[in-house]
Amino acid sequence: MVKHQPLQVYERQLCLSCITGIYGCRWKRYQRSHDDTTKWELLWSLILLFTFCLLLVWFYFWWEAHNDYNEFNWSLYNRSGEWSDGTVPILATTAAGFTYIAFLVVLALCHIALGQQLNLHWLHKIGVTAALLTTIVGVISVCQTWGQEWDVIPISLQATGPFLHIGALAAVTALSWIVAGQVARAEKTMFQVVVVLLYLSVLLGLYVMPLYITSPCIMEPTTLKPRPDVIGHQGAPMLAPENTLWSFQRALQMNVTGFETDVAISMDGVPFLMHDRTLRRTTDVEKVFPDRQMEDASFFNWTDLQQLNAGQWFLKDDPFWTVHTMSPHEKTLIANQSVCSLEQLLKMASYHNSTVVFRLARPPSEHPCYDSWINDTLHAVQQSGVPQSLVMWTPDEYRAQVRQMVPGLIQTSLEKRSPQSLPQSGISRLLLRYNQASTQEISEFSEGHIKLTLYTVNEPWLYSVLWCSGVPSVSSEAPHILIKVPYPIWLMRPHEYCLMWVSADLISFAVVIGIFILQKYRMSGMRSYNPEQIMLSAAVRRSSRDISVMKEKLIFSEVRNGVGSAEELYADNGYNYYTNQGASQ
């Protein structure tokens with residue numbers, strides 16, 4: 001007959017077992033410890049915290065860089081020669097790594113809150129190291145190949161800063177429970193002072209951070225300028241193949257006021273629309289002219305270009321994951337698109353009274369139109385019959401001669417210059433990337449009567465920030481998204497933001513003070529030693545293996561016939577139950 005006789009009653013601690021088990025593989029009670037964390041484990045805790053912060057910035061960067069995913073994929077195509085959505089694996093691995101590291105950080109905080117010794121398992125250490133090294137490699141790669149994109153972080157903070165501040169303040173306020181517990185449990189005054197000073201420094205920094213947060217969306221609604229015009233960059237390339245007539249037609253359906261495109265010149269002097277250097281990505285040149293697929297697009301004559309299909313690639317590659325939303329009729333239209341000439345685009349723009357801005361690529365030196373490229377383009381403009389006031393001329397070469405020959409063109413610069421120097425060159429428009437103009441510079445250009453257009457703006461948050469900054473127009477690949485933004489995403493009066501800021505600080509301060517008082521009261525009645533050490537304190541001189549075995553017996557052993565008392569179990573390990581004396585070695 002088997003009888004169960006617990007030698008000492010322990011409360012089940014399933015939650016604690018899971019926390020210590022997942023973090024350090026310490027599933028059993030005797031494996032846990034309330035001792036101070038070793039310096040080695042403290043080092044790993046700092047590495048874990050640094051990895052979390054780095055991944056947080058990395059994750060935020062890729063989340064906000066969504067505006068420029070197409071630009072990133074195009075740069076990958078220029079390097080590899082194959083089109084693919086390179087952001088998918090990056091986002092998947094970043095999300096998985098951030099979730100994993102954040103989970104470990106939460107477990108570490110739970111250890112600290114419960115007074116448990118930190119002991120990260122070696123498998124987790126490998127995982128943390130892999131996440132850290134992978135993120136560092138990713139940061140270095142972005143710096144080398146896409147460095148300008150880091151500007152998206154300070155720009156996005158103009159939209160998210162006030163709300164991220166509130167979130168950070170709430171998180172640090174919640175951490176006061178752990179900090180107060182550590183201070184109340186600590187026996188060294190110096191440790192208490194250092195911890196409190198560090199925590200209060202972080203908290204005070206968050207309290208005054210709004211003094212350094214600037215956003216154009218914190219303004220009086222009455223000073224908000226009109227909604228920026230939207231120019232279709234390559235038409236509506238998320239809804240139709242870029243630089244095709246159907247793409248520009250779709251852009252018109254989204255109420256765009258103009259078009260932006262890239263122009264090359266064929267061997268026989270016909271300007272046509274093409275973004276890439278070759279025809280491989282956006283046409284079926286591999287099928288029609290397999291021996292010429294790597295040639296520069298400008299080395300084809302217009303007759304050859306008209307033989308190419310410029311729409312089937314869109315249905316096949318689905319670069320923006322939008323093909324499934326299209327009707328069979330629309331797919332048929334897309335499948336029959338061809339290369340579009342500049343003259344065709346200008347005639348469409350003239351019919352709809354839309355402006356056109358294009359970047360003109362000069363042909364290679366061995367091209368027959370190398371010297372006549374400006375004249376060939378001007379001839380196409382005049383041949384189309386479009387009003388000159390609708391065409392924005394961007395090439396800097398021979399600008400003075402162009403102004404004399406066709407004075408009605410809108411002279412536009414692609415280079416950032418001072419507002420004072422632009423009128424001296426006869427330039428009245430400026431086309432820049434959205435990260436090249438600050439809010440103050442936008443205001444200066446406006447005061448200098450220089451109309452500014454920023455590209456490429458696809459996300460509502462970016463469109464809202466630029467709207468509040470006073471930008472008159474933007475170029476977008478997603479006019480179908482921006483048409484749904486009739487008003488800035490958020491707009492807050494300065495006194496409303498000030499009230500929100502002060503209220504959040506006061507609430508946080510009150511909560512922190514309350515938590516410190518509560519933790520002091522809770523800890524004042526608690527004993528400073530671990531309850532699991534009851535009846536075992538006298539055995540500290542024994543080997544760790546014997547003590548571990550004895551703890552297991554105390555907690556988990558089943559008492560069979562002939563072993564019916566605690567005294568016998570203690571005697572098995574050379575321990576005197578009544579005198580609390582260990583047997584002599």
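How much accessible surface does the chain have, and what share of it belongs to carbon and sulfur atoms? In this predicted model, the accessible surface comes to about 29,800 Å², and carbon and sulfur atoms hold 61% of it. The chain is built with 22 helices and 11 strands. Of its 585 residues, 48% are buried. Among contacts in the chain with a separation of 6 or more, 66% are between residues 24 or more positions apart.

A good place to begin a tour of the interior is the largest nonpolar core, which has 93 residues. Within this core, Phe259 and Leu454 touch the most other members. Leaving aside residues up to four places away in sequence, Leu454 touches Leu432, Arg433, Tyr434, Ala437 and Ile442, along with Leu466, Val471, Ser473, Val474 and Ser475. Another core, of 13 residues, lies apart from the largest one; its members include Ala264, Met274, Leu279 and Phe289.

Turning to the outside, a nonpolar patch is found on the surface. Leu204, Val208, Leu211 and Tyr212 form this patch, and together they have about 460 Å² of accessible area. One of these residues, Tyr212, is found in the loop between α7 (189–208) and β1 (229–233). Is Tyr212 buried or exposed? Tyr212 counts as exposed because its relative accessibility is 68%, and the cut-off for exposed is over 50%.

How values were computed:
Residues numbered from 1 in each chain as written. Predicted model: local features only at pLDDT ≥ 70, side-chain atom pairs only at ≥ 80, totals over all residues. Heavy atoms only, no water. Core = buried A, V, L, I, M, F, W, Y, C linked by side-chain atoms within 4.5 Å. Buried < 20%, exposed > 50% of the residue type's maximum accessible area, 1.4 Å probe, protein only. Contact = heavy atoms within 4.5 Å. Patch = residues over 30% accessible without salt bridge, like charges linked within 9 Å, V, L, I, M, F, W, Y side chains within 5 Å. Areas by Shrake-Rupley, 256 points an atom, 1.4 Å probe, with all protein chains shown as cover. Salt bridge = Lys/Arg side-chain N within 4 Å of Asp/Glu carboxyl O. Helix = DSSP H or I, 4+ residues; strand = E, 2+ residues; numbered from the N terminus.
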